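Here are a few short exercises to help you find your way around a new structure. Try each task yourself before reading the solution.

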Amino acid sequence: RIQQSETIPAAQRKYILNLVCSLATNKVRGMIKNLLKLKVTPFLKEINEKQKRTENGTLPSWKINEHYVDKWDGNYASGYLAPKDFKQVVLQSVFTLTPSGHNPECYRLYEALQAQSIPVVTMSSSGASTKCVDSLLYLKNAPVVILNSWEELPKLVANFTENPAYYY
């Protein structure tokens, strides 16, 4: 549970986004991991250099928090983040990626909302082995970013770096 007093203003958060997940749950998660590595991380590195963003500078560097395990086995000793550590990651992130797992909807979506981190979802459940149809339609008017596909993620990051105040 996150108390209101624990939340951090978006402008003071350490990470632009986070992705904490097991890769085996849904093939789309591996695709997102590659998208972050090949497109988003190099873009952020370039922006940080252009805008002279540094770890201790006036403008903090834009960063991503990624944490993966191959498969969730219920054992935190096997590399999965403990709940208190996950809580800190979400509290420190402007956006929380919430890709489908076994179902389109996941706890991460609600944990992000509670931490005032903006959940990022897609309306498709690509890769999820589910019969849920349009299970995320109720999010259309919620404080979330809805992408048509994860391929739109680099554009979201670019838009954020150009105008962060729009998302606060």
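**Exercise 1.** Sort the lining of the second largest pocket by residue class, then describe this pocket.

*Solution.* Keep in mind that the model is predicted.
- Step 1: The lining of the second largest pocket splits into 10 nonpolar, three polar and five charged residues.
- Step 2: Its lining comprises 18 residues, and those nearest the centre are Ala11, Arg13, Pro60, Ser61 and Trp62.
- Step 3: The volume of this pocket comes to about 220 Å³.

**Exercise 2.** Now do the same for the largest pocket, and find which elements supply at least two residues each of its lining.

*Solution.*
- Step 1: By class, 13 nonpolar, six polar and seven charged residues form the lining of the largest pocket.
- Step 2: Among its 26 lining residues, Trp72, Tyr80, Tyr107, Arg108 and Glu111 lie nearest the centre.
- Step 3: At least two lining residues come from each of β1, α2 (83-91) and α3 (107-114).
- Step 4: The space in the largest pocket is about 790 Å³.

**Exercise 3.** Locate threonine 7 and decide: does it count as buried or exposed?

*Solution.*
- Step 1: Look in the segment before β1 (15-22), where threonine 7 has its place.
- Step 2: Threonine 7 has a relative accessibility of 16%, and buried means under 20%, so this residue counts as buried.
- Step 3: Beyond its neighbours within four places in sequence, threonine 7 is in contact with Ile2, Arg13, Leu91, Gln114, Ala115 and Gln116.
- Step 4: Finally, follow the side chain of threonine 7 to the backbone oxygen of glutamine 4, which it reaches at 2.8 Å.

Key: Residues are numbered from 1 along each chain as its sequence is written. This is a predicted model: local features need pLDDT of at least 70, side-chain atom pairs count only at pLDDT 80 or more; totals for chains, interfaces and linings use all residues. Side-chain values use heavy atoms; hydrogens and water are left out. Helices (H or I, at least four residues) and strands (E, at least two) are DSSP runs, numbered from the N terminus. Buried means under 20% relative accessible area, exposed over 50%, partly exposed in between (1.4 Å probe, protein chains only). A polar contact is a pair of N or O atoms within 3.5 Å; within protein, one must be able to donate a hydrogen and the other to accept it, and residues adjacent in sequence count only if both atoms are side-chain atoms. Contact means heavy atoms within 4.5 Å. On a 1 Å grid over the protein atoms alone, a cavity is a set of points where a 1.4 Å probe fits but cannot get out, and a pocket is an open set with protein on both sides within 12 Å along at least five of seven lines; lining residues have an atom within 4 Å of a point. Grid points are joined across faces, edges and corners, and a volume is the space filled by probe spheres set on the points. Ala, Val, Leu, Ile, Met, Phe, Trp, Tyr, Cys and Pro count as nonpolar, Asp, Glu, Lys and Arg as charged, and the others, Gly among them, as polar.
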